[in-house]
Amino acid sequence: MSDKEIGSFPATPRTGSAAPTPPISAPPSQLHSPSLTRSPLLSTDDHIQPASKTPKNSTPRIRTPRFITPLGSPIRRALKLTRLDPHDAWLPITESRNGNAYYAAFHTLCSGIGIQALVLPVAFTFLGWSWGIITLTVAFIWQLYTLYLLVHLHESPETGMRYSRYLQLCNATFGEKLAKWFALFPILYLSAGTCITLIIIGAQSCRLFFNTVCGGTCSAQPPTNAEWYLIFTSAAVLLSQLPNLNSIAGVSLVGAITAIAYCTLIWVISVVEGRMPGVSYNPVKGRTEVIRIFDILNALGIIAFAFRGHNLILEIQATMPSDEKHPSRVPMWKGVKIAYTLVAMCLFPLAIAGYWAYGQMIPVDGGMLTALFAFHGQDTSQFLLGLTSLCVIISSLSSFQIYGMPAFDDMESLYVKKKKEPSPWWLRLIFRALFGYLCFFAAVAIPFLASFAGLIGGITLPVTLAYPCFMWVKVKKPKVYGPNWWLNWSLGLFGMALSGLLIAASLFVIIDNGVEFSFFNP
């Protein structure tokens, strides 16, 4: 927190002839939502003065409005006043702070479950039944624990500061230099890279839906793959014009429902249709022991890639009101528990049923979705196949909005900090269209990006499993050599080491197996 954001007051009133500054107040609706209007509550020159006179020879009592200091703290009691960043009132993530536990559940579920879950059975082909289930369970518990840490790190009781963005918390904890080196790229990829992948998957699902609905009866010429990319991107850009994170709560709800729907449809259809003839559950073994080890590590990267959304937790929590009696961590954690109960109900059946139905025959590219159309495209109801594809399309469009929001926020912050005013509607439209079509260009240029699930999982693993543990130790300062201290240091160091191993193993597997680098050939 900069010095400009902290004000202090003398122990006794100063004498002077200048007229006192009138007290700053706000309507009741703003007490829990400091940025419902697009106007900052405080400027850098504001000073809060006591509203009432105090007796002589006594220390004035300063009544701090709740909308200025959301959390009680020792610094506040020492008459140091924490100020809100006035720019937050103009940025998409923090423009509205009237969220609740249900909104949090919608956003968390929409961001926490996605198309990457469909490749979980691929990891089982290398790990086998026992180790596959054990690894998936351990990873789920681990990432749920780091979610708990992030939710409780959002607010600092010592300073009254709310860390509304993952990178902001990294900067405050590790320093700007280290944060840029170790956290900036994974966070950028989890935003822009996920949007690129969603365009690829969404466009492919559009093509599957068109072929399923039309079959051999349509005389119209189907769009090319690049045209499907453009169609999906245009729909995503149109939907992205909703102004802020709270305004897309309904979109996230629809995305969450459709994600649950297609996950459930895929594994249920696979179980009903039965196991494939000649299915084998023996773990795939490489030509040498080294290749075998790297295959296992790559499988761990696929499992790590299935758990995403940690880079958005602080942003989602920033949409909630918070004060000393009702901190935002309470409804946020309630929403997270609801969301991840449903996530578990999707991921575990999908991984287990998918491996049971297809075994080693599960396709590496596309996972369960590809297997459904490849093995059951002729003997399954066309209505169910079309409904599955449609749910994937809608879920991808919805996820694009929440994963694109940090990028929208960063782009608008450049204008807001320079001009000291909110972005006009036409500039917001340009920013979001620019981001969307840049992602479209990248998707067309590197359509094989979805094949790097293990590598991507290794690169982004620290954001999910390691950094929250280090930040907890640095910020909360648990007792040195105590159980909490040992737990977080062990998880953090193991997560960083695992990330390095996964990256090396994934690169080896990609080189050894080969990937068709079809640049600009979607």
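Here are some quick notes on the salt bridges in this predicted model.

1. Overall count. Searching the whole structure turns up five salt bridges. I go through some of them below, with the burial of each partner.

2. Arg329 and Glu155. These two side chains form a salt bridge, with an N to O distance of 3.9 Å. The contact brings together distant parts of the chain, 174 residues apart: Arg329 belongs to helix H11 (residues 329-358), while Glu155 sits in the loop between helix H3 (120-153) and helix H4 (166-174). As for burial, Glu155 has 5% relative accessibility and so falls under the 20% cut-off for buried. Arg329 comes out at 33%, which makes it partly exposed.

3. Asp409 and Arg165. Here the side chains meet in a salt bridge at 2.8 Å, N to O. Because Asp409 is in helix H13 (residues 382-419) and Arg165 is in the loop between H3 and H4, the pair ties together parts 244 residues apart in sequence. Asp409 is buried, at 2% relative accessible area, and Arg165 is buried too, at 13%.

4. Glu412 and Arg432. Glu412 makes a salt bridge with Arg432, and their closest N and O atoms are 3.2 Å apart. This one links helix H13, which holds Glu412, to helix H14 (residues 425-445), which holds Arg432; the two residues are 20 apart. Both partners are buried.

5. A shared network. Which residues are joined into one network by salt bridges that share partners? They are Glu95, Glu412, Arg428 and Arg432, so if you look at the Glu412 and Arg432 pair, keep Glu95 and Arg428 in view as well.

Conventions
Residues numbered from 1 in each chain as written. Predicted model: local features only at pLDDT ≥ 70, side-chain atom pairs only at ≥ 80, totals over all residues. Heavy atoms only, no water. Salt bridge = Lys/Arg side-chain N within 4 Å of Asp/Glu carboxyl O. Helix = DSSP H or I, 4+ residues; strand = E, 2+ residues; numbered from the N terminus. Buried < 20%, exposed > 50% of the residue type's maximum accessible area, 1.4 Å probe, protein only.
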